[in-house]
Amino acid sequence: MNEFSALNRNAINEKLSDNKFDILIIGGGITGAGIALDAAARGLKIALIEQNDFASGTSSKSTKLIHGGLRYLKQFDVKLVKEVGSERAIVHKLAPHLVLPEKMLLPLIKDGTYGKVMSSIGLKVYDILAGVKGDDRRRMLNKKKAMAIEPLLPENILEGAGYYAEYRTDDARLTIEVLKTALNYDTTALNYTKAIDFVYEEGKVRGAKVKDSISNKEYEIKANYVINATGPWVDELRTINKSKEGKRLHLTKGVHLTFAHEKLPIKNAVYFDIPDGRMMFAIPRGKTTYIGTTDTNYTEDKNDVKVTKEDVKYLVDAVNNMFPTVDLQVQDLQSCWAGLRPLIHEEGKSESELSRKDEIFVSPTELISIAGGKLTGYRKMAQRIVYLISKMNQKGKGKLFSNSKTRKIVLSGGKFNGKNDVISYIKTIEERIIPFGFNHVDAAYLVHNYGKQANIILDYFDNLVENDNDWRLMLAELWFGVKYEMVQTPLDFLERRTGNMNFDINRVLKYKSRVLDEFKTVFDWNDKEFMYFKNQTNLIIKGLKP
Ligand code: FAD
């Protein structure tokens, strides 16, 4: 496995400034990471920079589903449903430990969004479009069967349910694994490096001026083509490039909340109606259940997207409406996150009606911007944009690039023979960690987060001398994150590499001081630096309970 070490920043900076690349990708979310892998696997030399941490934008703030998007069928967006629907099974195969099959219940209630007949037809079409086979095909359940599967549903208004297949993932981990896979080819990537301007040659964008916010150094990265894959920030770079005309972004905010599983003890993921006519998810995950999402227009600070008390109340009320015996309380909230959908503006359409399709804009100076889209469709988006550049290259008397290879490239940590192999690997890991007081849930956490890389973490764990085994494991994960996943700050580790901030807040609260101390040692922070990161971490933790 490649080292992708935060202690190696200087060397990576030098590589970025001293080489000329085929493509420079600006933005380290799933879109940028996907493009890096697609292009690098075709033999191109790729640079990727991210202004903050990888996946710190929308790509760690989604519903974390690899899904076909049932609701887009309602908007007759058949092409989108077909594409992302068929992508689900492919992405699952590329990382079966990280993209997990998740059965969904669609309760049918009196006067709900989908009636019995419409649901039955809709789910069938959904399966056909996505090529779903065998046991995964949708089943329509009568009221009794639906209640047996999910006893918390509202018995008095329930008429039955649809039961269909989707996949669940961790968006930030998917992004980092895609990026790490790109590093197996000719890719150089760095976080905390912001594009602040473009480099032009004969009137064309041929690189970017960047600033490393860790060292405060500014330098240029040269490339034949530059892709703006900055999600919600796409229009900012188009403005710098003086090419923001015609279509523009329309941002909408989406909020998710996490509760201890016992507070909302559903057995299945449920996709249900809410009184204002929208729909939302409730998804059990490890020790928690998370719910979401809202969909509201957003024009405020993109770098500080907040969950408000109103967002929390809206989602909690919606849950209590669908699961009347649960009595979820606002104060039960453990954690939350808010993200921005980088959608393309369409005159006269409301937030929920805007299409989730991706679009590519090429400016007169050849800045290539990509916006919209979904986590699920990252591979296809990458193929489209690299194909477009291939054509541009051919027109400029270069050659066409080879075809995309990502359909067969297993993601880092994902060398499994299907889901049963993942299950048996969890068992192996469980046997390895039981003597230290851990259990099946801990083994599943390690495998779903890191896949086969769990072994590397446990080898390190074995060599640590620590009395507290919980801390010892966290320390081993931290070491792995710094050495192999470019972890630079406590939040990179607690939020995006481990997902603990969202799904295991008690672990964060218990060990946050020790984590901060460890970072101080590893990165040799002075007191001022230490205080900066301590405040940053505490502020985020405070924001988890608005
Ligand atoms: P981002 O992840 O935002 O990445 C862009 C990156 O560019 C950011 O990290 C940013 O810091 C960086 N950047 C910006 N400016 C600069 C600069 N000047 N220099 C360097 N870097 C820069 N999709 C699904 O398939 N399934 C779901 O369940 C799902 N749920 C969603 C729920 C919500 C609430 C939202 C908001 C979206 C959801 N999506 C879902 C959509 C999906 O999350 C997004 O389409 C996807 O994450 C967008 O990724 P991106 O890489 O384009 O943008």
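This tour proceeds through the structure one selection at a time, starting with the ligand. The model is predicted.

**The ligand and its surroundings**

Select the ligand first, and then display the residues around it. The shell comprises 38 residues, and the closest are Thr 31, Glu 50, Ser 59, Leu 65 and Thr 376. Three of these merit individual inspection. Select Glu 50: an N or O atom of its side chain lies 2.6 Å from an oxygen atom of the ligand. At Thr 376, a polar side-chain atom is 2.6 Å from an oxygen atom of the ligand. Leu 65 makes its approach through the backbone, where an N or O atom is 2.7 Å from a nitrogen atom of the ligand. Taken on its own, the ligand has 1,000 Å² of accessible area, and the protein covers 97% of this. To see which secondary-structure elements contribute, colour helix 2 (30–41), strand 8 (193–201), strand 11 (249–260) and strand 16; these are the elements that give two or more residues to the shell.

**Helix 2**

Keep helix 2 selected. Its end C-alpha atoms are 16 Å apart, which agrees with the 16 Å that its 12 residues should span at 1.5 Å a residue. Is this helix enclosed or not by the rest of the structure? Helix 2 is largely enclosed, because 12 of its 12 residues are buried. Among them are Thr 31, Asp 38 and several alanines, including Ala 39, Ala 40 and Ala 41. Continue past the end of the helix to Gly 43, which follows helix 2 and has a positive phi, near 100 degrees.

**Helix 4**

Next, select helix 4, residues 78–94. Its 17 residues reach 25 Å from the first C-alpha to the last, close to the 24 Å expected at 1.5 Å a residue. Where is the kink in helix 4 centred? Centre the view on Arg 88: there the helix has a kink of about 30 degrees. Arg 88 is one of the buried residues of helix 4, which also include Leu 80, Val 84, Glu 87 and His 92.

**Salt bridges between distant parts of the chain**

The model contains 37 salt bridges. Three pairs and one network are visited here.

Select Arg 173 and Glu 485, whose side chains form a salt bridge with an N to O distance of 2.6 Å. Arg 173 belongs to helix 7 (residues 171–182), whereas Glu 485 is in the loop between helix 14 (469–484) and helix 15 (490–497); the two are 312 residues apart. Both residues are buried.

Move to Asp 295 and Arg 341, where the closest N and O atoms of the salt bridge are 3.0 Å apart. Asp 295 is in the loop between strand 14 (288–292) and strand 15 (296–297), and its partner is in strand 16 (residues 333–344), 46 residues away. Asp 295 and Arg 341 are likewise buried.

The third pair is Glu 466 and Arg 514, with their closest N and O atoms 3.5 Å apart. Glu 466 sits in the loop between helix 13 (454–463) and helix 14, and Arg 514 in helix 17 (residues 505–523), so this salt bridge ties together parts that are 48 residues apart in sequence. Glu 466 is partly exposed, at 26% relative accessible area, and Arg 514 is also partly exposed, at 34%.

For the network, select Asp 53, Asp 492, Glu 495, Arg 496 and Arg 497 together; salt bridges link these residues.

**Backbone details in the loops**

Return to the loop between strand 14 and strand 15, and select Thr 293 there. The peptide bond that joins Gly 292 to Thr 293 is cis, with omega near 20 degrees.

Two further residues have a positive phi without being glycines. Lys 242, with phi about 55 degrees, lies in the loop between helix 8 (234–240) and strand 11. Met 486, also with phi about 55 degrees, is in the loop between helix 14 and helix 15. Which of the two terms, buried or exposed, applies to Lys 242? Lys 242 counts as exposed because its relative accessibility is 72%, above the 50% cut-off. Met 486, at 0%, counts as buried.

**Last stop: Asn 303**

Finish at Asn 303, in the loop between strand 15 and helix 9 (309–322). Asn 303 is exposed, with a relative accessible area of 58%. Add Ser 56 to the selection: its C-alpha atom is 9.8 Å from that of Asn 303, although the two residues are 247 residues apart along the chain.

Conventions:
Residues are numbered from 1 along each chain as its sequence is written. This is a predicted model: local features need pLDDT of at least 70, side-chain atom pairs count only at pLDDT 80 or more; totals for chains, interfaces and linings use all residues. Side-chain values use heavy atoms; hydrogens and water are left out. A salt bridge is a side-chain nitrogen of Lys or Arg within 4 Å of a carboxyl oxygen of Asp or Glu. Helices (H or I, at least four residues) and strands (E, at least two) are DSSP runs, numbered from the N terminus. Buried means under 20% relative accessible area, exposed over 50%, partly exposed in between (1.4 Å probe, protein chains only). The expected span of a helix is 1.5 Å times one less than its number of residues. The bend at a residue is the angle between axes fitted to the seven residues ending there and the seven starting there. A residue is near a molecule or strand if one of its heavy atoms lies within 4 Å of it. A polar contact is a pair of N or O atoms within 3.5 Å; within protein, one must be able to donate a hydrogen and the other to accept it, and residues adjacent in sequence count only if both atoms are side-chain atoms. Accessible areas come from the Shrake-Rupley method with a 1.4 Å probe; for residues, only the protein chains shown count as cover.
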